[in-house]
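Work through these exercises with the model open beside you. Try each task before reading its solution.

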Amino acid sequence: MDYFTLNIAEHFFILSSICLLLYAWQRKQMLRHIKNHYPELWQQATIKRMGFTKQTVQISFIDKVIKAGTDNVSHDDRVSNYRRNCKVVLGLAALFCILSVICNLYFSFSYTSSL
């Protein structure tokens with residue numbers, strides 16, 4: 001396998017990692033937005049339930065509220081943009097990861113067949 005083909009696969013993997021870091025950053029910004037603009041929802045989310053950690057309960061509770069669409073949170077423009085952007089970013093991360101695997105497999109098979 002030459003340097004160029006390995007480099008392509010590495011670039012796809014790096015792009016996938018960047019997308020996952022961007023997703024984590026967006027999620028942190030969204031939790032900060034909910035904490036600042038919806039304190040009653042944040043208070044409900046911080047109650048410790050069934051021995052789970054506080055952070056796990058916060059994320060799962062807030063995700064359920066956002067997906068349910070029953071609260072004012074689901075009609076917030078920033079929250080709807082967050083949901084759309086997360087789908088795009090996670091889709092791109094999956095695409096880049098798949099392209100990285102395909103490049104590695106394709107070029108490794110072509111390299112072994114040329115031996």
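The exercises below concern a predicted model.

**Exercise 1. Find out how many helices and strands the chain has, and in what pattern they follow.**

Solution.
- Step 1. Count the elements. The chain has four helices and zero strands.
- Step 2. Read along the sequence. The pattern is α-α-α-α.
- Step 3. Turn to burial. Of the 115 residues in the chain, 30% are buried. The cut-off for buried is under 20% relative accessible area.

**Exercise 2. Locate the largest cavity and say what lines it.**

Solution.
- Step 1. Search the whole structure. One cavity of 30 Å³ or more turns up.
- Step 2. Take the volume. The largest cavity fills about 50 Å³.
- Step 3. List the lining. R27, M30, L31, I34, I59, I62, D63, I66 and Y82 surround the largest cavity.
- Step 4. Assign elements. Helices α1 (3-37) and α3 (54-68) are the elements that give two or more residues to this lining.
- Step 5. Sort by class. Seven lining residues are nonpolar, none is polar and two are charged.

**Exercise 3. Describe the largest pocket: what is its volume, and which residues line it?**

Solution.
- Step 1. Take the volume. The largest pocket has about 200 Å³.
- Step 2. List the lining. The residues are Y23, R27, D63, I66, K67, Y82, R83, C86, K87 and L90.
- Step 3. Assign elements. Two or more lining residues come from each of α1, α3 and α4 (77-113).
- Step 4. Find the main contributor. Helix α4 supplies the largest share, five residues.
- Step 5. Sort by class. The pocket lining has five nonpolar, no polar and five charged residues.
- Step 6. Check for shared residues. R27, D63, I66 and Y82 appear in the lining of the largest cavity and also in that of the largest pocket.

**Exercise 4. Identify the residues that form a nonpolar patch on the surface. Then classify L15 as buried, partly exposed or exposed.**

Solution.
- Step 1. Name the members. The patch is formed by I14, L15 and I18.
- Step 2. Take their area. Together they have about 260 Å² of accessible area.
- Step 3. Place L15. This residue lies in helix α1.
- Step 4. Classify L15. Its relative accessibility is 36%, so L15 counts as partly exposed.

**Exercise 5. For I102, L99 and S60, give the helix and the exposure class. Then compare sequence separation with C-alpha distance for the pairs I102 and A9, L99 and S16, and S60 and A45.**

Solution.
- Step 1. Recall the limits. Partly exposed lies between under 20% for buried and over 50% for exposed.
- Step 2. Take I102. This residue is in helix α4. I102 is partly exposed because its relative accessibility is 45%.
- Step 3. Pair I102 with A9. They are 93 residues apart in sequence, and their C-alpha atoms are 8.2 Å apart.
- Step 4. Take L99. This residue also sits in helix α4. With a relative accessible area of 27%, L99 is partly exposed.
- Step 5. Pair L99 with S16. The sequence separation is 83 residues, and the C-alpha to C-alpha distance is 9.6 Å.
- Step 6. Take S60. Its helix is α3. S60 has 34% relative accessibility, so this residue counts as partly exposed.
- Step 7. Pair S60 with A45. They are 15 residues apart in sequence and 8.6 Å apart in space, C-alpha to C-alpha.

Definitions and conventions
Residues are numbered from 1 along each chain as its sequence is written. This is a predicted model: local features need pLDDT of at least 70, side-chain atom pairs count only at pLDDT 80 or more; totals for chains, interfaces and linings use all residues. Side-chain values use heavy atoms; hydrogens and water are left out. On a 1 Å grid over the protein atoms alone, a cavity is a set of points where a 1.4 Å probe fits but cannot get out, and a pocket is an open set with protein on both sides within 12 Å along at least five of seven lines; lining residues have an atom within 4 Å of a point. Grid points are joined across faces, edges and corners, and a volume is the space filled by probe spheres set on the points. Ala, Val, Leu, Ile, Met, Phe, Trp, Tyr, Cys and Pro count as nonpolar, Asp, Glu, Lys and Arg as charged, and the others, Gly among them, as polar. Patches are made of residues with over 30% relative accessible area and no salt bridge: like charges are joined within 9 Å, nonpolar side chains (Val, Leu, Ile, Met, Phe, Trp, Tyr) within 5 Å. Accessible areas come from the Shrake-Rupley method with a 1.4 Å probe; for residues, only the protein chains shown count as cover. A salt bridge is a side-chain nitrogen of Lys or Arg within 4 Å of a carboxyl oxygen of Asp or Glu. Buried means under 20% relative accessible area, exposed over 50%, partly exposed in between (1.4 Å probe, protein chains only).
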